Structures are given as C-alpha cells and as structure tokens.
Amino acid sequence: MTTYIKRNHWAIISLCLLLLCTVVSGAHVSVPLNVYADLSLSTEVQEGNKVQPNNDVSSSTDNLHLNSVLSATDEVQKWHAKKKANVLLDLWTRISSHFDVKEIIAGLKAGKHSPVTCFACKFGVSLVQHIVEKEKNEEDVASLVKIICNFFKIESARVCQGVTRVFQGEVLYVFERLVLSPQEVCGLILGDTCSPVYNPYHNWTVPLTPFPKPPVKPVPPPKTGAPTTRVLHLSDTHFDPYYKEGNNAECGEPLCCRITDGPALDPSKAAGKWGDYRSCDTPLRTLEHMLKHIRDNHKVDYVLWTGDIPPHDVWNTSQSEQIFLLKSVTQLMNKYLKNVPIFSAIGNHESSPVNSFPMPQITGKYDISWLYDEIAKAWAPWVPRGAETTIKKGAYFSVKVNPGLKIISINTNYCNNQNWWLLLNSTDPAEELQWLIQELQASELIGEKVHIIGHIPPGTGSCLQVWSDNYYRIINRFESTVVAQFYGHTHSDEFEVFYDTETLKRPTNIAYIGPSVTTFGSGNPAFRIYTVDGNYAGSSRVVLDHETYFLNITEANLFNQPTWRKMYSAKEQLEMKSLLPHDWNALIQRFESNDALFQQFYGYYRKMSDYHSEPCTGDCKKNMLCNLRSGRSHDSSLCNAGQ
C-alpha cells in the first residue's frame, strides 16, 4: 500500500495483483486463466479506433504498451514449471515497466475507468483468481503476498504482514465462491463503461411503490419569523488514540504521526500538537477541543454523525479495537454535547477488516453481528426501541425527530465497491432499499418530510453503479418527501445535485457532503451547522443555510492557540437566494462562467488548507463541475445535466 490507500483498495488489487494490496480489497473471481483471450482490449481499443482515456488517468500509454503487457501473460503458462514467487515477481516487473502505476491507481481510486485502468483490473483479477485456484492453502497464498509485498517494497514489513493477517481469511473466502468473470467483476466495480454485467445477482431493479408519484409543488418560503432548527453535522472523525506530537509525520506508511513511528529526526517532519496535514489522523486533544468549542459557542438541536470513527491504520485493526473506538468516541460526544440527540450513520472504517460488511445471509465465522450489536447499543439512546431490529440486520433505521420530520439513516457500505462481499451478490443487500421505499411511502402518505443520512455519497465512484441507479430512482420518485440528504466519506466540503430521470434537466434533490474532522487528505479539521426550516405547521423542513467552521492547523501548531473560525456561509459567500436544488444547479452554472467564484468554492472544498495552494483549472475544474452534478455513479451523461 501507499499513501494512496485512502479509499482505493480496489485500485490496489487491480494493479498490485497478488501484492499486499490484493489482500486489502478482494476483487476476485473463479474462472480459468485462459480468460486472457477475452482481455484483448477489444472493448476499449480497436484497431485504428482508440478510445480516449478518462481525464483521471494519464493518456500517455498507447496500444503497443498494452499489447506488450499481454505478452507477459505467457509467463503464467509456465506456472507449474517455475518457482511461483519468481514467476509473479518477473510478471509484475514486466507490467510495471509499461505503466505508471501511481497514475493508474489514481484513476482506479475514484472508481472510474479508462482503457488502461479497465485492462489492469481485468488482468489483475484473472491472475489473482488463478493463484487462488491453484493454491488452496490459505497460508501459501498469504506467504506469496508477503514475499511480493516485501520484494517490491510496496510497504514496510510490518504493514505487509499486518494487512495479510487482517484480510486473508475473508478475501479468500470470497475468492473461492465467486461465479463472475473478470470482465463482470471490473464492470461491477468500475461501471458498465468498463464492461457490462449480465449476472442477475448484479443486474437488478428494486420495485417501486404502486402508488403514483404526486404532482411536484413549489417549496413555500418559510414564514416571517418562523422558528428554525440548528443541526450539527460531524463526519470522518478518524480519532487516532496513538497520535503523538513530535513523532514522524513522514513515516512512509499509510498512517503516520503515531507512537510506533518514533520521534522525527528532522524537526520539519515532526507531527504537530493539534494535527498534521500529512498522512495523519485526529489527536484526542483536537477532537475534545472541537467538541468543547461547539458546546460553548453553538446551540444545536441535534447532531448528524455520518461515520468513520477509527483511524486509517487498516493493517492493524481488530474487532475489539473497533468496538473500543466506537464506545470511546460515543462517550466523548455524550460528555460534551450532553443531552443533544445524536443520529448516526455507519462508515466504511467501522468494521474490521475495513470495508468488510457481509450481508445478513453470511453467518458463522464472518457474521457481522459483532459490530451491528454494538452499534445498536451505542445508538440506542436516540432511536426508537423498534429500530434495533433493522440496526442489527443492516445498520439502518428511521426515527421521527419532530412532528412532520423523519430522519432515515442508511448503510451505504452496501453500495461500497470495496466491500468484496458484494461480489457474491449485490442484489439489494439486507433488503435496505426495499425498506427505504416502504419508509418513504409511509411518510408520503401522511405528508411527512424526510432527511436521509449516510456515509458514502451515492454519486461517487466508490458506490456500485447498480445500487446507485436504484437509489437515484427512489429519490426521483419521492422528491417531494426527501428534502435533504447528508453524507461524508470524501473528507471534502462539497455537494451533489440530483435531476429528474426523464430529461436530466430539472433539479430534484440535493445531497450535502460534510467536511471531515480529520486532517487526513491534507485539509483542516472542520464541521458544519445547518439552519433548517423549523417546527411549525406547514414547515418545508428544507435547509435554509449552512455554515462551515474550521481550525487552521498551521496556525494552531505554530502558536499553540487553536481557534475555530467560520469558513463561510452558503447564502452569504456563495451568494445564494435559497438552498433549494435549483439554486445549487444555478450555482454550478455560475461556477462555469465566474472562475473567481469557483476558485473561492475550491478553497472551501479543500477546507482552507495551507497544504493546497494551486487553483483548480482545466480538467480539474471540468471534473469537479461534473461531480457536483452527479448524484448517480458512473454516469457521464450527468456532466451536462441541468442545462
């Protein structure tokens, strides 16, 4: 693994093959090795007709390079005639000589495909499956992983060993039970532009309600002097109990600034007291300081907590450690926020291994109940007693916060393309979407408004296309009931606009993506407070404004005087009349013509980080504007939506 490991385990598996990172993600299938005959890039690169690569990946790799890599597969046919490790090392050497591995990883990281990334995925999946077929012994496969990981110095020896230990059992369990081809696996995780998926377990449609969609009516403006509700949004705390000031912040591992990294020999590489822009997570003092600041300076009516509590030490997790962190941070929240209700959504880092969320039908050794039972206890004070059933089934629930308002918390790990359990069957895991439809229909019938909270935004490449497609249909059907959505995961301050499914021109919904508390990803710690149309008859329950607050880490470490400041107000700094979906669409259109306003927003997106100073231009701006319009994953047609 490299520092690219944040949210890119699928990328690693596609490129590192059987390396350490292969064990991290687990995109694997049961097919014969001769599938290479079908990997000839015919779907991406035809003779004389080269498809333009995605902007996320360098376009410098040409057909000759790709075809030369295909010749390297001949080495695999000598599998039984050579020492296994040597064959793999030689094969990987040949592959890496033709590709810029880091550039391909950057493309796969976002779950987006290009001819290069799609080919790399298929190639890697085929080879890994072949190894698992031939090496039935789990320890033999694990030994090969560690050999290659150490040989290429992919990571330190302790990380190589740790990841192998943490992931090998579950990943191999999935390998041995897969029926998908490499093309279908890569189509599932990269979208159908890489390869279509025909398997019925992964090509499904959840039925909508038989009730017709009611006419869409304009949202009435709030009454003069009407009450409002203040809602705190916290996400991606990534609390690291082993953070230590002065220790090495450039340790060369996925997560640094820790006790085990030792003191920094160079003062410029020392971890700051209040946090660090480098690959480091949140120290206890910073988390407590933020909660104390909120308690003393902001009156909030309830909290939306959208997941990712543990640090990014994915090679060193255990079930007991994850439970300890869940309990510890929950206690901290209750200590400082006292009796303020907290409504939570589960993140992808809550499990061990990370991203591992088996469906309810997976029982025995890999049953997820060890986590869901603890989550049910942690969330119990703020959810109705009946919610325990759905929390223990799939970590989702609904709660009526006030008369006329319901919050629905969904488990987006069931759309996570790094959750390898979904390769077995991605059909509406835990029947969550069917349950969501029933909840929304019940609210629609009584005129109740709904806020949806989750962790992974449905429009990101991290969300499986088939799940995202179904979710988009649900939001379209219930656009008059769902008046706001709230997510985290990206660590950035951003949003996603949804559009009507017939024309993709009319904005129908808005998903707010809250900034992270952690500095991991090179941003400042931040939180957000929404002002929502409040408790009165006829309230729209829409978000009226939001304010984001941040802590400048450079300044806090330099002067040891942490100060939380208001970063911006959406209505004031972005000059918005209201925060309805059509206003957010209009803002995107203004970004296209007003670059100064866009660069201002980009600073907010980066959480006013001192680490990032370059403007976002060219492909960067083009891709970001597309992302802001994309509430559905792997759908390039949305880049022109709302126009």
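**Entry 1: charges over rings**

I began with Arg 177 in this predicted model. The charged end of Arg 177 is placed over the ring of Tyr 173, at 3.6 Å from the ring centre. I then looked up Arg 477, whose charged end sits over the ring of Phe 478, 4.4 Å from the centre of that ring.

**Entry 2: aromatic pairs**

I asked how many aromatic pairs the structure holds. I noted 23 aromatic pairs. To describe each one, I needed the distance of the ring centres and the angle of the planes.

I took up Phe 167 and Trp 420 from this set. Their ring centres are 5.8 Å apart and their planes stand at 70°; an angle over 60 degrees counts as edge-to-face, so I recorded the pair as edge-to-face. I next traced where the two residues lie: Phe 167 belongs to helix H8 (residues 157-175), while Trp 420 is in the loop between S7 and H14. The pair thus links distant parts of the chain, 253 residues apart. I also checked accessibility and found Phe 167 and Trp 420 both buried.

I turned to Tyr 512 and Trp 584. Here the ring centres are 5.8 Å apart and the planes are at 80°, so this pair is edge-to-face. I located Tyr 512 in strand S11 (residues 507-513) and Trp 584 in helix H18 (residues 581-593). These positions are 72 residues apart, and the pair links distant parts of the chain. Are Tyr 512 and Trp 584 buried or exposed? Tyr 512 has a relative accessible area of 1%, and because buried means under 20%, I entered Tyr 512 as buried. Trp 584 is also at 1% relative accessibility and counts as buried.

I then followed the ring pairs outward from Tyr 512 and Trp 584. They belong to a cluster linked by ring pairs, whose other members are Phe 486, Phe 495, Tyr 530, Phe 591, Phe 598 and Phe 601.

**Entry 3: disulfides**

I moved on to the cysteines. A disulfide is a covalent bond between the sulfur atoms of two cysteines. I noted seven disulfides in the structure and examined three pairs, as follows.

I looked up Cys 251 and Cys 256, which form a disulfide with their sulfur atoms 2.0 Å apart. The link of Cys 251 and Cys 256 is left-handed, with -80° about the S-S bond. I recorded Cys 251 as partly exposed, at a relative accessible area of 22%, whereas Cys 256 is buried at 2%.

I next examined the disulfide between Cys 415 and Cys 463, with an S to S distance of 2.3 Å. The torsion about the S-S bond of Cys 415 and Cys 463 is about -135°, so I entered this disulfide as left-handed. Which parts of the chain does the pair tie together? Cys 415 lies in the loop between strand S7 (405-409) and helix H14 (432-445), and Cys 463 in the loop between strand S8 (449-453) and helix H15 (465-477), so the pair ties together parts that are 48 residues apart in sequence. I found both Cys 415 and Cys 463 buried.

I last turned to Cys 616 and Cys 620, joined by a disulfide (S to S 1.9 Å). The torsion about the S-S bond of Cys 616 and Cys 620 is about -110°, so the disulfide is left-handed. I checked the two residues separately: Cys 616 is buried, at a relative accessible area of 0%, whereas Cys 620 is partly exposed, at 31%.

Definitions and conventions. Residues numbered from 1 in each chain as written. Predicted model: local features only at pLDDT ≥ 70, side-chain atom pairs only at ≥ 80, totals over all residues. Heavy atoms only, no water. Disulfide = S-S within 2.5 Å. Buried < 20%, exposed > 50% of the residue type's maximum accessible area, 1.4 Å probe, protein only. Helix = DSSP H or I, 4+ residues; strand = E, 2+ residues; numbered from the N terminus. Phe/Tyr/Trp six-rings, centres within 6.5 Å; stacked < 30°, edge-to-face > 60°. Lys NZ or Arg CZ within 6 Å of the ring centre and 35° of its normal.
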